[in-house]
Structures are given as C-alpha cells and as structure tokens.
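Visitor: I would like to learn how to read the features of a model like this. Please take them one at a time.

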Amino acid sequence: MKPEFEIVVVGGGLVGSLLTHSLSRAGFKVALIEKGDQQKRTFHTGRAFALSLASCNYLKALGFVDILEQYGNPIKGVIVTEGEAGKGSREGILEFMPSEIGEESFGCMIQEENLLEAVGERLKKNKAVRIFSKTAVEDAVFDDGSLIVNLSKGKSIPTELLAICDGSQSNLGSRLGYSYIKKNYRQRAITCTVRHEKSNEGLAYQFFMPTGPIAFLPLSDHSVCIVWTNTQKVVNRLDQLDNDQFLEELRPAFGTFLGDISLEGPRGSWSLELSMARKMVSARFALLGDAVRKIHPLAGQGLNLGLRDAAVFLEIVETAKYRGEDIGFPTVLERYQRWRMFDSVSFAAATDFFNWAYTSSIPGNQLVRQLGTGIISNITPLKGYLIREAAGLSGDIPELMKNR
Ligand SMILES: Cc1cc2nc3c(=O)[nH]c(=O)nc-3n(C[C@H](O)[C@H](O)[C@H](O)COP(=O)(O)OP(=O)(O)OC[C@H]3O[C@@H](n4cnc5c(N)ncnc54)[C@H](O)[C@@H]3O)c2cc1C
C-alpha cells in the first residue's frame, strides 16, 4: 500500500516551507515537520535577504508576486571596495551594474520577518499540506523496504522520500550518516537596519575590512540592512552595547558617504562557519538548503542556493513521477545531486577564498587583490559571468526560476 505522504519535509525554514508549498502545488501528498512553532513564523532578527533575480522568479511562480511588490526593494547595482579599520571605505574598486547583462536590477532586498511571515501564512492556508508543528524528526529507519520517519511525539509516519531541510546544524543529516567538511571562521556577523540621510539610490555596498566585510543592502531609499562581520571577540563586545554606544562604534566603519545615520529596529548576531555535506542524497533521502551547505554570508547567496535546490528537486521528482519512476530511488535522486553539487561546492569555495583573501595579512596579499580586481574590471565576459552568477541566471536554470 502507498504511504499517506509521498514526501515528508523536515524543517519549516524558508527552504523547507517553500519546497513543501511547491510540492503540494504540483500534486504531491506532503507533510512538513517543524520542531519550532510553524504557526507563528515571525522572528525579529534585523536581517534581510538579498534575493537574486532567479529567486524572485521562483517566488513569483509560487504566487508571492504581491509580497515582493509590497516588501521587496530592487538592488540596482553593487559596489565593492576595500576599507581600513576605523577609516571607513576607500574609493570604489569594482562596480557591478545589472544593465551589463540587460537587466534593471539584481533582484531585491526583503526583510526576513516579512518573508517568513508571508510564507508561513500561505502554507497555513494550503489545506493539502499536513503540518506537524512543535514536532522534531528524531530519526528515520527502513522497515521491510519502507522508510519510517520517527517523530518526537511518539508518532511514526511512513513515506517514499524524506527531504531534509533542517538547516546548518543538520543533526538529522549527521545522524543518518552524512558527513560534512567544516571550518569555523572565528567571525560573527551583526545584522540591523540603519537609516541614513542621503539616498542610497538602490545600490548595495560591500566594504572588505581587515577583520571581515561589512555590507550595506538597500531596504528603501533611506535605509539599509547592514551585515557587519568581525572577529568573535569584537562582536561579543558589540552585542553588549546599547544602541547609542553601538552606533558610535559603527560610524567609522560605515563612513559618511550616506550622511548621518541612526538605528532602527532590533539587532541580531550570527556565528559564521563553512559546512559542506560530502553528498546530497542516498536512497529515499535528500538534503536541501543549509543542510547541504552553510556558506559565508559575504556574497548573500545561502538562501538563493537553497531555493535553487528546492526548484531543482521539484523538477526532478515531478518528472520522475510523470515517468512512473520511484521518486525515492537512488538513480532519480542522483539527478538532483548532479545538477546541484558543482554549484554548491563552487560557491562554498569562492566565498571561503574571498573571506580569506581580504582578511589574511600575508605579504603581497593586497597586490594580488588589486591584480584580481583589475582583471575582473577589464575582462568584460568575466565580469558579465560574475554578474549573471550573482543574479542566479547562469548555468542550467530550473523552470520555476526562469524569467517569465
Ligand atoms: C548574517 C547572514 C546574512 C545572510 N544573508 C543572506 C542573503 O542576503 N541572501 C541569501 O540568499 N542568503 C543569506 N544568508 C543565508 C540564509 O540565511 C540561509 O541560507 C537560509 O536562511 C537557510 O534556510 P534553511 O531553510 O535551509 O535553514 P533554516 O532557516 O536554518 O531552517 C531550518 C529549520 O529546520 C528546523 N529543524 C531543525 N532540526 C529539525 C528536526 N530534527 N525536526 C524538525 N525541524 C527541525 C529548524 O527549527 C528550522 O526552522 C545569510 C545568512 C546570515 C548568517
């Protein structure tokens, strides 16, 4: 007999929730298990996401056009510069404009709380999805060829396929035998909203400082979300400051290019590490999102990669079902891994390299950086390739992420 749920999704973060929503729209019988409160997905983190054009296309295809229109703010260009401790940024080094690839923006900025709440609300209204809230998946075992998912409340559910979207700690992945390459960056990032006097003109700025990058991501004409990376020691100290004291510490790093600044809303802080699963699938299991790889946020790509996992996964299992194949069969799931593995590894390696290149003080490093910058600025096809990568428009794009 066929199990009640063809696919069980573990983890109601953005990747798991959107995957669940897309699977049910495609006609799959699906259950979502979230250990937190899935009925109340509002977190005030001071964090916002840079969504690539491909991710915006994905959200539009899933019916979130209104949310992007209401909360999204277009990113009209990216400026990358080096900075000096206590002195703010230097002159602009690299400029990336979407017009270089015939687009008007790179995608949009959206605050985490707005996106999470909208996705959570939409999922609640989707009566075809069964949600197990405040319930953790403890393990999954094979019984006479079927996969049985064991939940914290003593319940067990059989399924054909378990989609593991349980985030960067992916305890479930580790418990099921997946191994990870890990590196602790010994850095933390602070996120918050900063209001500023002059217009940012929709531009995002990334200043590479010796202790880590600081990004200014446009939320509106006169406000940015900052992602300020620094050593663990410094961030632990900054976390203890009140808003006025924090602002005084932020000013030299922020500089004066946007005029006077003030803080708005809460501050969040995050520990940073690299974590990369050595494989993404095995019989009846697939990893997606941060459960596959957690990367340095300097390129703002972690969620974009996770949404691409979800879009590819849907396409693979939908095609397999249409052909009458077993969706949990290794040969089916390996198609998903082949499509996504290279992208995962290359982004993890690139962000790791950039963080190292700008924070390491080995002799000659600055010269190498300047050389690299010169090469990128002057070789048009290379720059165009990097811009398309940032917009999520390179490589084999899954259907849901294509421009329509
Ligand atoms: C400072 C910072 C800035 C960032 N900025 C950007 C950006 O601009 N653009 C971008 O694309 N990315 C960005 N990222 C990356 C992005 O935040 C992550 O890639 C994304 O949130 C991962 O989503 P996820 O759904 O895979 O995992 P998570 O959001 O971690 O969700 C995992 C879920 O699984 C649940 N769970 C865990 N274990 C179990 C279990 N056993 N049973 C049931 N449920 C379980 C958890 O409760 C959680 O709800 C940033 C990251 C940081 C740290």
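Guide: Helices (H or I, at least four residues) and strands (E, at least two) are DSSP runs, numbered from the N terminus. Just after helix 1, for instance, G27 has a positive phi of about 95°. This is a predicted model, in which local features need pLDDT of at least 70 and side-chain atom pairs count only at pLDDT 80 or more, while totals for chains, interfaces and linings use all residues. Residues are numbered from 1 along each chain as its sequence is written, and side-chain values use heavy atoms, with hydrogens and water left out.

Visitor: How is the length of a helix checked, and what should helix 1 span?

Guide: The expected span is 1.5 Å times one less than the number of residues. Helix 1 has 12 residues and should span 16 Å; its end C-alpha atoms are 16 Å apart, so the two agree. Helix 4 (residues 112-125) can be treated in the same way: its 14 residues should span 20 Å, and the end C-alpha atoms are 20 Å apart, which agrees.

Visitor: Which residues of helix 1 are buried?

Guide: Buried means under 20% relative accessible area, exposed over 50%, and partly exposed in between (1.4 Å probe, protein chains only). In helix 1, 11 of the 12 residues are buried, so the helix is mostly covered. The buried residues include L14, H21 and S24. In helix 4, those buried include E112, E113, L116 and L123.

Visitor: Which residues come nearest to the ligand?

Guide: A residue is near a molecule or strand if one of its heavy atoms lies within 4 Å of it. There are 30 residues around the ligand, and E34, A50, D290, L303 and N304 come nearest. By class, this shell has 14 nonpolar, 10 polar and 6 charged residues. Here Ala, Val, Leu, Ile, Met, Phe, Trp, Tyr, Cys and Pro count as nonpolar, Asp, Glu, Lys and Arg as charged, and the others, Gly among them, as polar.

Visitor: What polar atoms does the ligand meet in the side chains of R47 and D290?

Guide: A polar contact is a pair of N or O atoms within 3.5 Å; within protein, one must be able to donate a hydrogen and the other to accept it, and residues adjacent in sequence count only if both atoms are side-chain atoms. An N or O atom in the R47 side chain is 3.1 Å from a ligand oxygen. For the D290 side chain, the distance from an N or O atom to a ligand oxygen is 2.7 Å. G300 uses its backbone: an N or O atom there lies 3.0 Å from a ligand nitrogen. On its own the ligand has 1000 Å² of accessible area, of which the protein covers 87%. Accessible areas come from the Shrake-Rupley method with a 1.4 Å probe; for residues, only the protein chains shown count as cover. Two or more residues of the shell come from each of helix 1 (14-25), strand 3 (48-52) and helix 8 (302-322).

Visitor: How should a sheet be read, and what is the strand order in the open sheet of 3 strands?

Guide: Strands of a sheet pair through backbone hydrogen bonds, either parallel or antiparallel. Two strands pair if DSSP finds at least two bridges between them. The open sheet of 3 strands has the order 3-8-4 with antiparallel pairing. Strand 3 and strand 4 (73-74) are the edge strands, each pairing on one side only. Strand 4 is joined to strand 8 (residues 107-111) by 2 bridges.

Visitor: Where does N73 fit in, and is N73 buried or exposed?

Guide: N73 lies in strand 4 and stands opposite M109 in strand 8. N73 has a relative accessible area of 16%, so it is buried. The N73 side chain reaches the backbone oxygen of P218 at 2.9 Å.

Visitor: Which strands pair with strand 16?

Guide: Strand 13 and strand 16 run antiparallel and are joined by 9 bridges, with R188 opposite N230 in strand 16. Strand 15 (residues 212-220) is also antiparallel to strand 16, over 6 bridges, and a hairpin of 2 residues joins strand 15 to strand 16. I214 stands opposite W228 in strand 16. Of the 9 residues of strand 16 (residues 223-231), 8 are buried, so the strand is largely enclosed by the rest of the structure.

Visitor: Where are the residues E201 and R284, and is each buried or exposed?

Guide: E201 is in the loop between strand 13 (180-196) and strand 14 (203-209); its phi is near 55°, a positive value in a residue other than glycine. E201 is exposed, with a relative accessible area of 56%. R284 is in the loop between strand 18 (281-282) and strand 19 (285-287), and its phi is near 70°. R284 is buried, at 15%.
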